[in-house]
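Here is a short report for a reader new to this structure. Look at the model first, then follow the text from one site to the next.

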Amino acid sequence: PGLLVVHLSESATFRDVVWATRIDPNGVVLDPSGIRLSPTNVDASDPDVVWAGSQWVVVWSEPSGIMVTRLAADGTVLDATPQVAVVAAFPLPSRPRVNRGPNGALLSWLRQGVETRTLSAQGVLGAPQQWIADTSINHDIAWNGSAFLLTNTIRNSIVSFRTLVQR
């Protein structure tokens with residue numbers, strides 16, 4: 001499918017908005033005007049994207065929580081409105097990440113540790129789970145074809161990790 005670049009751009013209302021741009025394998029920009037993913041009346045941050053086998057999955061933070069939407073390879077937005085994957089309640093969720101899994105994608109974020117939630121190829125969210133209860137500064141997620149690795153880092157040192165096998 002080429003590449004999908006997600007980025008923030010300031011809107012006319014001085015809010016950061018999530019945009020996507022497809023780039024074909026030859027480096028040609030397919031969406032010169034971009035594809036707007038988030039509303040223009042709220043500030044977005046921390047976008048992340050993954051190709052989940054049959055579609056793009058994009059996550060980002062907003063004041064209302066962690067948002068997620070899906071795009072087809074042709075750039076069609078598959079969800080009428082972005083889904084709230086995680087509601088913003090104290091402590092606030094932050095730094096969303098997404099990675100491909102065997103049946104869709106795995107979303108992760110920080111809130112008193114690393115928490116996750118699955119997203120099926122049909123756009124159905126699974127139940128949230130906490131995997132690493134720790135003071136977290138940053139985290140990352142990787143998929144090797146059979147298991148996820150979640151890492152939790154503070155000052156560039158891995159302080160905890162967890163391997164998850166998804167069936």
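Start at arginine 111. Leaving aside neighbours within four places in sequence, arginine 111 is in contact with Val86, Val87, Ala89, Pro91, Leu92, Pro93 and Gln130. This arginine is found in the loop between E9 and strand E10 (114-120). Is arginine 111 buried or exposed? Arginine 111 is buried, because its relative accessible area is 14% and buried means under 20%. The side chain of arginine 111 also makes polar contacts with backbone oxygens. One is the oxygen of valine 87, reached at 3.4 Å. Another is the oxygen of alanine 89, reached at 3.0 Å.

**The chain as a whole**

The model is predicted. The protein chain has 167 residues, and 44% of them count as buried. The secondary structure comes to zero helices and 14 strands. From the N terminus on, the elements therefore read as β throughout, since runs of strand are what DSSP finds here. Take the contacts between residues at least 6 apart in sequence: 35% of them join residues at least 24 apart. The chain exposes about 8,600 Å². Carbon and sulfur atoms supply 52% of that area.

**Strands and their partners**

Strands of a sheet pair through backbone hydrogen bonds, either parallel or antiparallel. One open sheet here has three strands, in the order E1-E2-E3, with antiparallel pairing. Which strands stand at the edges? Strand E1 (3-10) and E3 do, each with a single partner strand, so one side of each has no neighbour in the sheet. E1 pairs with strand E2 (residues 16-23) over eight bridges, in the antiparallel sense. Within this pairing, valine 5 has threonine 21 in E2 as its bridge partner.

Further along the chain, strand E8 (residues 94-101) runs antiparallel to strand E9 (residues 104-110). Six bridges join E8 and E9. The two strands form a hairpin, with two residues between them. Glycine 101 has glycine 104 in E9 as its bridge partner.

**A loop residue that is exposed**

Asparagine 41 lies in the loop between strand E3 (35-36) and strand E4 (45-51). Its relative accessibility is 54%. Asparagine 41 therefore counts as exposed, the cut-off being over 50%. Which residues does asparagine 41 touch, not counting those up to four places away in sequence? They are Thr13 and Arg15. Phenylalanine 14 is 27 residues from asparagine 41 along the chain. The C-alpha atoms of asparagine 41 and phenylalanine 14 are separated by 8.6 Å.

**Nonpolar cores**

The largest nonpolar core has 14 residues. Val57, Val68, Ala85, Val98, Leu107 and Leu125 touch the most other members. Four elements give two or more residues to this core: strand E5 (56-62), strand E6 (65-71), strand E7 (83-87) and E9. E9 gives the largest share, three residues.

Valine 57 shows the surroundings of one core member. Not counting residues up to four places away in sequence, valine 57 touches Asp48, Val49, Val50, Ala52, Val68, Thr69, Arg70, Val98, Ala105, Leu107 and Leu119. Apart from the largest core lies another, of twelve residues. Its members include Leu4, Val6, Val18 and Val58.

**Aromatic pairs**

A pair of aromatic rings is described by the distance of the centres and the angle of the planes. How many aromatic pairs does a search of the whole structure find? It finds two.

| Aromatic pair | Centre to centre | Angle between planes | Arrangement |
|---|---|---|---|
| Tryptophan 51 and tryptophan 56 | 5.0 Å | 65 degrees | edge-to-face |
| Tryptophan 143 and phenylalanine 148 | 4.5 Å | 45 degrees | tilted |

Why is the pair of tryptophan 51 and tryptophan 56 edge-to-face? Its planes stand at 65 degrees, and angles over 60 count as edge-to-face. Tryptophan 51 is partly exposed, with a relative accessible area of 22%. Tryptophan 56 is buried, at 6%. In the tilted pair, phenylalanine 148 counts as buried, because its relative accessibility is 2%.

How values were computed. Residues are numbered from 1 along each chain as its sequence is written. This is a predicted model: local features need pLDDT of at least 70, side-chain atom pairs count only at pLDDT 80 or more; totals for chains, interfaces and linings use all residues. Side-chain values use heavy atoms; hydrogens and water are left out. Rings of Phe, Tyr and Trp (its six-membered ring) pair if their centres lie within 6.5 Å; planes under 30 degrees apart count as stacked, over 60 as edge-to-face and the rest as tilted. Buried means under 20% relative accessible area, exposed over 50%, partly exposed in between (1.4 Å probe, protein chains only). Two strands pair if DSSP finds at least two bridges between them. Contact means heavy atoms within 4.5 Å. A polar contact is a pair of N or O atoms within 3.5 Å; within protein, one must be able to donate a hydrogen and the other to accept it, and residues adjacent in sequence count only if both atoms are side-chain atoms. A nonpolar core is a set of buried Ala, Val, Leu, Ile, Met, Phe, Trp, Tyr and Cys residues joined through side-chain atoms within 4.5 Å. Accessible areas come from the Shrake-Rupley method with a 1.4 Å probe; for residues, only the protein chains shown count as cover.
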